[in-house]
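I opened this entry to keep a record of what I looked up, strand by strand and helix by helix. My notes follow in the order in which I went through them.

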Amino acid sequence: MTFLNAWAVGFAGIAPVIILLYLLKLKRRPMPVSTLLFWQRIFQESRRRAFFQKLRQLFSLLLHLLIFALILGALAHPTFDRQILEGASTVLILDTRARMQAVEAGGQTRFARAKAEMANVVHEATPMRQMALITADATARVVSPFTDDEKGLREALAKTAVTDAGGELDGAIKLAGELLRSRRGERKIIVYTDHPPATQPAGLNVPIDFVPVGTPRDNLAITRFATRAVLNSPQTSEILLEVANFGHETAKTNVELSYDGRLLDVKPLTIEPGGRAMQIFPTVPRPGNTARGWLTARLDTTDALASDNVAYAVLPVDPPKRILLVTKGNWFLEKLLGADQSVAFELLTPDAFNAALASKFDAVLLDNFVPNGFDLGTATGNYFFIKQTPFNTSGPAIDQPLITDLDNRDPVLRTVNLQNITLLHAAPLAVPKDGDWKWQTPIRSFEHPLMITGERHGGGRRVAALALDIGDSDLPLRVAFPLLISNTLHWLAGDEAAPILSRRAGEALALAPGETVRIDAQTPWKKSTATGPPAIAHDIFEPLTNGFYEIQAGDGSHWMAVNTFNDAESDLRAATATPETSSPALPAISLARVTGWPLWQYLAAAALLLFALEWWLFHRRQTE
Amino acid sequence: MAITIAVAPFPAQFSRALETAAAPLLFDSDFLAKLEQLYLLSKKLFRGAHRAERRSRQIGSSLEFADYRNYTLGDDLRSIDWNIYGRLDRLFVKLFEQEQDLDISFLLDASASMRWSPEGGNRISKFDQARRIAASLAYIGLANLDRVNVHFFASRLEEDLGLCRGKSQFHKVLEYLRQAPGLEGATHLSASLRTFSQRMKRRGLVFVLSDLFDPLGFEEGLALLRHQQFEVHVIHVLDPLEMRPEATGDLRLIESETGEAYEVTASESLLRRYHAEVDAFLQKAAAFCTEHGIGYAQATTAVPFEDLVLRVLRDGRMIQ
């Protein structure tokens, strides 16, 4: 049993008033008369029955109280729980996409207007008119399941926030349809958005009302902002910036480029209506090891949607690879590693080498040295053997080998040119037959492999072997030498697993085991949006706000930039013009159709019968 | 245009003798002339004290022939009927009736119930009506050389005016009526009439002007008067609103005589019962008077005064 109008119980306070009116003596109109002779004769018989008159009064009071209680019960609208299931069901969909942040002519955002409109509808939630609340951006989320708790719905609505993510409303509408599938009675979907979809999902047999909350607006937006390392100059990066004009007039603006909060460059832009301007900022120095690499672009303009006037990017930050060089003395290798800022090497003689040290470095470079009892299957660490390798065969050395085959797709040979290299000797190598490893021979001399690279299946360990004596060739004098050594060391250290530096708002990111992300975004102007302890994502991270996010891993952290970058979100010209929006009609409640008369009608009928009885007993004779 | 102030031979001051704000007592000259043509009827013949115009059982010297008797020595020879002597050769003397005056008493109920008038009504009170009737009848009596007396009563009989005779005494009657005392207490008709019958040594015509609202009943007093050989006329003075009250709802009725309050929720059906009680009371009063040879007439305050005197009382065989 549920009382749909619980507020009616408040009327119970009238009951003491009814009793008080009975207790109070009736104030009668005084009227002088010449004689009471005739009145006394009339009531002579009535006085004899004064006792019964008092009983009649008490009975009248009880009847009135009973009638009052029945009316009170009818007002409270008692309903059996099984009837509530037959009530109307409404799913409210609130568009929380980035475009809802657009400011309308009155200074109110579309999202604020949508919330205000929705609040008017939520106010009508009753057990017979239950409502559910869904937000729609990149994904659809059920903020509140079906409930009659108007206060709960209002609180859930108040907690909703607009996002920087793009997306479609179809998913939310389909989700609403699924929620309504199990509901009986009248059903309806009401969508609060600035841009209703052109078509509705197929197979949806639920009426949909769209409440448009936006008018067409011009907008200037950054649609692309990306960085990449310059291959020929690992210490520098290139930056690509694209700005689109989703308006009807030519836009002139300046774009400001900042690096870690410091202004880096300002470029003027002039963009035709519907056009785009692309700007490239070359040779931006890559950050040092202690920098965050935050790169921001800001348009110096004020338009309807402010969130797409700022874009975020992260310059790649490469921590130096830890290399252990084991050699009896190799002037070329020592100079090469010392000049490479991307590596930090330590020098060790073969006598001092201990296999346990290998796990502390990203790669171990062994110059003409193979540790005693070296077993590739049990050894830890990544190894780069030069001249003496575990894969050397007992065959004779190859004299003046010609490099005949180069696999340029192999990462160790990226931008490496080995043409016209003069080699005096090369050790004969044999590719192992170990099935747990994947072997490659990027450099070959006819059928003889001159270089072998292997990677254990499932990752984790790598090995490379170069069957050359550096001193017996002119390779150290070539540009290819440092590139080959550096590529190989970076490949061994896992260089190709570059971290994810950029994501679109609303895109889900699967975190590796051990990785965590603080959910609140940071920007150079706003360090954190969280007021309490920071919320941490562990498995799946779906950023909904533009900015920088720090991804924590076991051995360090790196930053990731999140942007909207969605033409559909930035193009505000397609909004449906609605100067005045009327509240949508809620679905009707039809109890009688399913369950016959509601209980309150029985109570009202009983009150009517008692009322007629009271009239017949106490008033009939006086009014006949 | 009606003349509202009396003219000669009725003194002008008479017209204002009973004039009050509530009950103007104006007799115009036409009305007074009509009153002089009237005569208070008495079925019985009473012995008078003075010669007057009313027949009596006494043999006197009026022009009205009464009887013959044998001549005896000492009789006036002018009274012998010589025509009879011529035919019968015997001497007979013609006897004539003695016309005498009549004692007429007006007993006015001056209780509070008679002074009551309905709220918001513009009619005169029953007491004023009774005073005007009494004044009119007294004028008729005085004009016919009868002796007129006026008494007020409520719970008991008050001091009377004293006997007045002749139209010249009308001023005295009016002044007495005007200065009627405001009597308190419940009406006690039988005690008042008993006192009256004991006080009056000569019998005569008695007009009782009252609403008869005596909690102990009106029958005993009227029957006593009738038993004491008075010729009694009852003028039942009533107000239409006390016969047919119209107020409904929750009322607190306050009796004018005793101040007793009675709470009533008046409805249409209750009023109908009230009407039935009133009708039964009126029928009972009329039947009682008829049964005991008492003249009875209803005089409500709604009936115009002239109609009341010239038509109602005439129809009630009280005046001719």
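In which sense do strand β4 (residues 103-109) of chain B and β7(B) pair, and over how many bridges? I found that the two run in the parallel sense and that 5 bridges hold the pairing. I kept in mind throughout that this is a predicted model.

**Strand β7 of chain B**

Within the pairing with β4(B), I noted that B:Leu108 stands opposite B:Leu209 of β7(B). I then turned to strand β8 (residues 231-238) of chain B, which pairs with β7(B) in the parallel sense over 6 bridges, and here B:Val208 has B:Val234 of β8(B) opposite. Following the chain from β7(B) to β8(B), I passed through helix α7 (residues 219-227) of chain B, and this β-α-β crossover is right-handed.

I next asked how many residues of β7(B), which spans residues 205-210, are buried. The count is 6 of 6, and I therefore entered the strand as mostly covered. B:Leu205, B:Phe207 and B:Leu209 point one way from the strand, while B:Val206, B:Val208 and B:Ser210 point the other way, and both sets are buried.

**Helix α7 of chain B**

For the crossover helix I listed the buried residues, which are B:Gly221, B:Leu222 and B:Leu225. They lie on the same side of α7(B), because the arc they cover around the axis is only 95°. These buried residues pack against α6 (189-199), β7 and β8 of chain B. After the helix comes B:Gln229, and I wrote down its positive phi, near 70°.

**Chain A and its open sheet**

I recorded 13 helices and 32 strands for chain A, and of its 624 residues 35% count as buried. Among the contacts in chain A between residues at least 6 apart in sequence, 70% join residues at least 24 apart.

I then traced an open sheet of 5 strands in chain A, whose order is β6-β5-β4-β7-β8 and whose pairing is mixed. Why is one side of β6(A) and of β8(A) left without a neighbour in the sheet? Both β6 (140-147) and β8 (208-212) stand at the edges and each has a single partner strand, so one side of each has no neighbour there. On average, and with direction ignored, neighbouring strands of this sheet are turned by 15° against each other.

At one edge, strand β7 (residues 187-193) of chain A runs parallel to β8(A) and is joined to it by 5 bridges; A:Val191 has A:Phe210 as its bridge partner. I also checked two helices that lie across the strands. Helix α6 (residues 150-159) of chain A lies across β5 (129-136) and β6 of chain A, at about 165° to β6(A). Helix α7 (residues 170-181) of chain A lies across β4 (88-95), β5, β6, β7 and β8 of chain A, at about 160° to β4(A).

**Where the chains touch**

Lastly I looked at the contact between the chains, which takes 18 residues from chain A and 26 residues from chain B. On the side of chain A, the elements giving two or more residues are β2 (29-33), α2 (37-48) and α13 (620-623). The residues on that side divide into 10 nonpolar, 3 polar and 5 charged. I noted that β2(A) is joined by 5 bridges to strand β9 (residues 249-255) of chain B, the two running parallel, and that A:Met31 has B:Leu253 as its bridge partner in β9(B).

How values were computed. Residues numbered from 1 in each chain as written. Chains lettered and ligands numbered in written order. Predicted model: local features only at pLDDT ≥ 70, side-chain atom pairs only at ≥ 80, totals over all residues. Contact = placed C-beta atoms within 7 Å. Helix = DSSP H or I, 4+ residues; strand = E, 2+ residues; numbered from the N terminus. Nonpolar A, V, L, I, M, F, W, Y, C, P; charged D, E, K, R; others polar. Pairing = 2+ DSSP bridges. Axes fitted to C-alpha atoms, helices over the stretch in contact; angles between N-to-C directions. Buried ≥ 20, exposed ≤ 12 C-beta atoms within 10 Å, placed from the backbone. Right-handed = clockwise from strand over helix to strand, strands pointing away. Arc of directions from axis to C-beta.
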